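Student: Could you take me through one part of this model closely, namely the nonpolar core, and then relate that part to the rest of the chain?

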Amino acid sequence: APCSEQQYQEMKAKDALYAEAEQVYRTYTSKLIETMRNGGADTLPSEIKELISGPDLAKSVLDRLREVKREGLKLQGPDVRIVWAQRLPTREKAGSVAAMKFCGDASGLAAYKDGEKISEGVVSMETVFFAGTPKALTMTSIEYEDVKKC
């Protein structure tokens, strides 16, 4: 359908916003797994902290990293594979500017303690809410759900 120049520019800006949101999430996932593979942490690493603006999300991520360190957990297996990403233009939470749903497969990843497997990775869907402005998006909240497959 024909559109005005303004509509076209708005669409291009929205496309760029979603592309940035997806990149923020992919970077976060990669850095989180890397930090967990390196033995966890007592504080949020700066490369993760700069991607999160929601205090509850930051606390949840830090709790997970502290547990990995405290328990001496070791991750083995392939990294999380993000199977698909979906834009959610009608979803909003606490003033978010974008929302996306991701399906990630971590089924090949396992956690070990003292050489014994204590848990296996899962397939999950995460609905992620983003705040900020273009070129400065951060994640404010993640809604997590275990699923059978993507």
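Tutor: What follows begins with the overall build, turns to the core, and then moves outward to a strand residue, a hairpin and the salt bridges.

This is a predicted model, and its chain contains three helices and seven strands, arranged from the N terminus in the order α-α-α-β-β-β-β-β-β-β. Along the principal axes, the C-alpha atoms occupy a box of roughly 65 × 30 × 20 Å. Of the 150 residues in the chain, 39% are buried, and the accessible surface amounts to about 9000 Å², with 49% of it belonging to carbon and sulfur atoms. Among contacts with a separation of 6 or more, 60% are between residues 24 or more positions apart.

The part you ask about, the largest nonpolar core, has 33 residues, and those with the most contacts inside it are Tyr25, Tyr28, Ile52, Val61, Leu65, Phe130 and Met139. At least two residues of this core are supplied by each of helix H1 (5–37), helix H3 (55–71), strand E3 (98–105) and strand E6 (123–131), and the largest share, nine residues, comes from H1. As a general background, nonpolar side chains in soluble globular proteins tend to be buried together. Tyr28 gives a view of the core from a single residue: setting aside residues up to four places away in sequence, Tyr28 touches Ile48, Leu51, Ile52, Val61, Met139 and Ile142.

Strand E6, one of the elements that supply the core, also holds Ser124. Ser124 counts as buried because its relative accessible area is 10%, and the cut-off for burial is under 20%. Apart from neighbours within four places in sequence, Ser124 is in contact with Phe102, Cys103 and Gly104, and also with Tyr144, Glu145, Asp146 and Val147.

A further piece of the strand region is the pairing of E4 (residues 110–113) with E5 (residues 116–120), which run antiparallel and are joined by four bridges. Within this pair, Tyr112 stands opposite Lys117 in E5. The two strands form a hairpin with two residues between them, and Asp114 in the turn has a positive phi of about 55°.

Charged side chains complete the picture, with 12 salt bridges found in the whole structure. In one of them Arg26 pairs with Glu22, the closest N and O atoms lying 2.9 Å apart; these residues are four apart in helix H1, and therefore about one helical turn separates them. Arg26 is partly exposed at 32% relative accessible area, and Glu22 is likewise partly exposed, at 23%.

Another salt bridge joins Lys93 and Glu143, at 3.3 Å from N to O. This pair links distant parts of the chain, since Lys93 lies in the loop between strand E2 (81–87) and E3 whereas Glu143 belongs to strand E7 (residues 138–147), 50 residues apart. Lys93 is partly exposed, with a relative accessible area of 32%, and Glu143 is partly exposed as well, at 31%. Elsewhere, Arg70, Glu71 and Lys113 are joined into one network by salt bridges that share partners. Within that network, the closest N and O atoms of Arg70 and Glu71 are 3.7 Å apart; Arg70 counts as exposed at 59% relative accessibility, while Glu71 counts as partly exposed at 29%.

Key:
Residues numbered from 1 in each chain as written. Predicted model: local features only at pLDDT ≥ 70, side-chain atom pairs only at ≥ 80, totals over all residues. Heavy atoms only, no water. Core = buried A, V, L, I, M, F, W, Y, C linked by side-chain atoms within 4.5 Å. Buried < 20%, exposed > 50% of the residue type's maximum accessible area, 1.4 Å probe, protein only. Contact = heavy atoms within 4.5 Å. Pairing = 2+ DSSP bridges. Salt bridge = Lys/Arg side-chain N within 4 Å of Asp/Glu carboxyl O. Areas by Shrake-Rupley, 256 points an atom, 1.4 Å probe, with all protein chains shown as cover.
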